[in-house]
Structures are given as C-alpha cells and as structure tokens.
Amino acid sequence: MKTAAPTNRVDKAMRAAGATGGVDAVFAEPWEARAFALAVTLSRSGQFSWDEFRERLIAEIAQADAAEVRDADAASPRGPYYECWLAALEKLLREKALLNLDEIEGRAAAIAASPPARTKAKSRGPIKIA
Amino acid sequence: MGHDDHDHNAPETGPTLRVKALETLLVEKGLVDPLALDALVDTYEHKVGPRNGARVVARAWVDAAFKARLLDDAVAAIEELGLAAGPQGEHLTVLENTPTVHNMVVCTLCSCYPWPVLGLPPVWYKSTAYRSRAVSDPRGVLREFGIELPAGVELRVWDSSAELRYMVLPMRPAGTENLGEEELAALVTRDSMIGTGVAGVPSAEPAATK
C-alpha cells in the first residue's frame, strides 16, 4: 500500500483512531461513561428532550471545532468530544434549574477537599498473627 | 507494572470531579438512580454494538423478503430480530450498497449514530476531520480507510440528524454462497455499516503506520 504522510495532526488523529480496527474502547475514561449515562437517563426520564441536549452539544462542538482551527496543535488526539458533552449537559441542567452553578461549584470543591480514603494510605505492615 | 499510587494520591480534578459533582447532586435530588447509570454504561460497553447490525445485515443477505422490509421500514424489520429501536434508533434508515452506488454516513454537526444497531460511534466518527472531510473529500477519506472506489461508482454521503439515522447495508462478499447466517455476520465489520469499509475485509491498517 502506498504511504501517505498525514497532512496535519487532525488527519493523524483520525488515522490513529482507525488503527484500532473497530475494537476501540467505547469510553476512554470512566467520567465519559458517567457523563454519557447522565444525559441519556435524564432525557429518558423526561427532565429534558434529546433534541434540547443535542442542540447544546452541537453548539459546544462548533465552538471546539473553531478553536481547533485556530490552534491545531492544541487539539487533543481524541478531540474534545466528551468535554463538549459534559459542558452541554451542565448548561442544560442549569437552564432547566435542576442544578445551579453555586451548588455545582460547592460540591466540586467539597469532593476535591475530601480525597478518597486511599490517599496517602501507608502500609501498616503485615497483620500480626497470634 | 509499577505501583500506581500516583493516580490515587492525585486529588480529583477536571471533568472527573465535575461529573462526580453533577452525579452526586442529581442522585441526592432523586433525579437519577446510580444503579440505572451503571446499567446503562454496561449496556453500551458490553451489550449493544456492531454485532447487532451485523446480524441484521447477514439476515438481509440470506432473506430477500427481509431485505425488502428492512429497506422499506428498518425500525419494524430490526424488531423482527429482537432489536428494539430504543434511543437514537427511532428513525433508522438502511441504505443499500450496490455495484454502482456506495453509501457513506456522517453526522456533520455532532455524532448522531444508530445506537441500537451499531452501539456508540468510534472516536474517528466524532472527529472534526471526519465530520468535515466526509463532505469535502469523501473519496479521499475512503482511500485512507483503504477503499479505492472505482470511478464509475456513485458515492452518496448521508448526513445524520436527530430525526434520521443511517446504517449501510454493505454488499455481500463474493464467494460466500455456502456460508450460513452466523458465518456471514462475522464478515460484517462496523466500518462496512458506516460505509467506510466493505464487508469481508478487515478494517484497513492506516497507511500512516507503515
């Protein structure tokens, strides 16, 4: 097969993604899965319609596309897709007054301030056996 | 493998933290059930995927009447195979590839995709490059996927939307007359149902890696 050098980072990302031949993971990180599930679940339960979510997702993606055109080097290999998804979800939740910014910021700060119990856990050595 | 205490010691930041904040608040307000979230993630990670679409394609290859129903009313036809239309499948349309017409699907604005038959879209489907170049240079895109479309073949590119989701019915590979439905389904790749691949040929190794 003839080799064709990738013309820019974006093409390279597309090829790299294609290289997995259909077995790439659905979600790259756990938060993507949670963000995905939150939007689908809330839409199913009627908190908002899928179209309302999609409109906001399209707007976020359009913005990210424009940023990528301005600064191709800043483009992440995966693209900012789920970042856009998350931003669209949060905006919609706030528009629908299901959550407000203060409580989101407050909760995020609280979680950040109380890291998981495993943090800095030091081994206490083997259990003493009688 | 080294001990990865670095990850555990790092405070949660960025999107991980943000999503956790949203989820815990929504759970407390009774707006979402965390178990329902778990179930949904499991469904799309492990249960719904292109194998569903491959079953549909294989059936269409062996059963002309089914194929006719599939092209006429895809939602009703996939239900015959026990596949519920479900979210992002309510408006499914199936496009048939022929020796003279090759269909290729994109969603130029976001990532609309027929979840019930193909699962969630691959990374490249959501990329800026694919979404723009599938329209501006579709033959070039196909070439990158290893498909050189003969000049005489008409290429049709379909833009998905919330109301219209497309799945391509690829051509049955030559020399498969003696295969059963299950064996045929194994030849149907995800990309062949998006139109960036052909059935019976493993997804192309990108030229850039050679």
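**Reading helices and strands in a two-chain model**

Modeller: Let's start where the chains meet: helix α2 of chain A passes helix α2 of chain B in a left-handed crossing. Keep in mind that this is a predicted model.

Colleague: Happy to start there. At what angle do α2(A) and α2(B) pack, and how far apart are their axes?

Modeller: In general, a packed pair of helices is described by two values, the angle between the axes and the distance between them. Here α2(A), residues 30-44, is set against α2(B), residues 14-28. The angle between them is about 35°, and the axes lie 9 Å apart.

Colleague: And which residues in α2(A) meet α2(B)?

Modeller: An α-helix has 3.6 residues a turn, so residues three or four places apart point the same way. From α2(A), the residues that meet the partner are Trp31(A), Arg34(A), Ala35(A) and Leu38(A). On the side of α2(B) they meet Pro15(B), Thr16(B), Val19(B), Leu22(B), Glu23(B) and Leu26(B).

Colleague: How do I check the length of α2(A), and what span should its 15 residues have?

Modeller: Allow 1.5 Å a residue, counting one less than the number of residues. For α2(A) that gives 21 Å, and its end C-alpha atoms are 21 Å apart, so the two agree. Just after this helix, Gly46(A) takes a positive phi of about 85°.

Colleague: Is α2(A) largely enclosed or largely open?

Modeller: Count the buried residues, meaning those with 20 or more other C-beta atoms within 10 Å. In α2(A), 11 of the 15 residues are buried, so the helix is largely enclosed by the rest of the structure. Among them are Trp31(A), Phe36(A), Leu38(A) and Leu42(A). For chain A as a whole, buried residues make up 33% of its 130 residues.

Colleague: What does the rest of chain A consist of?

Modeller: Chain A has five helices and zero strands, giving the pattern α-α-α-α-α along the sequence. Of its contacts with a separation of 6 or more, 66% join residues 24 or more positions apart.

Colleague: Now chain B. Which domains does the assignment give?

Modeller: The domain assignment lists domain 1 as 17-47 and domain 2 as 49-209. The centres of these two domains of chain B, taken over C-alpha atoms, are 30 Å apart.

Colleague: Where do I look for strands that pair in the parallel sense in chain B?

Modeller: Try β2(B), residues 101-106, with β3(B), residues 154-159. They pair in the parallel sense over six bridges, and Val106(B) has Asp159(B) as its bridge partner. A second parallel pair is β1(B), residues 92-96, with β4(B), joined over five bridges. In that pair, Glu96(B) stands opposite Leu169(B).

Colleague: Which faces of β4(B) are covered?

Modeller: Both are: Arg165(B), Met167(B) and Leu169(B) are buried on one side, as are Tyr166(B) and Val168(B) on the other. With five of its five residues buried, β4(B) is largely enclosed by the rest of the structure. Likewise, five of the six residues of β2(B) are buried, so that strand is largely enclosed too.

Colleague: One last residue: why does Leu142(B) count as buried?

Modeller: Because it has 21 C-beta neighbours inside 10 Å, and the cut-off is 20 or more. Leu142(B) sits in helix α10 of chain B, residues 138-144. Leaving aside residues up to four places away in sequence, Leu142(B) touches Ile147(B), Leu149(B) and Thr196(B). Its C-alpha atom is 8.5 Å from that of Gly195(B), which is 53 residues apart along the chain.

Terms used:
Residues numbered from 1 in each chain as written. Chains lettered and ligands numbered in written order. Predicted model: local features only at pLDDT ≥ 70, side-chain atom pairs only at ≥ 80, totals over all residues. Buried ≥ 20, exposed ≤ 12 C-beta atoms within 10 Å, placed from the backbone. Helix = DSSP H or I, 4+ residues; strand = E, 2+ residues; numbered from the N terminus. Pairing = 2+ DSSP bridges. Contact = placed C-beta atoms within 7 Å. Domains from an automatic or database assignment. Axes fitted to C-alpha atoms, helices over the stretch in contact; angles between N-to-C directions. Left-handed = near helix turned anticlockwise from the far one by under 90°.
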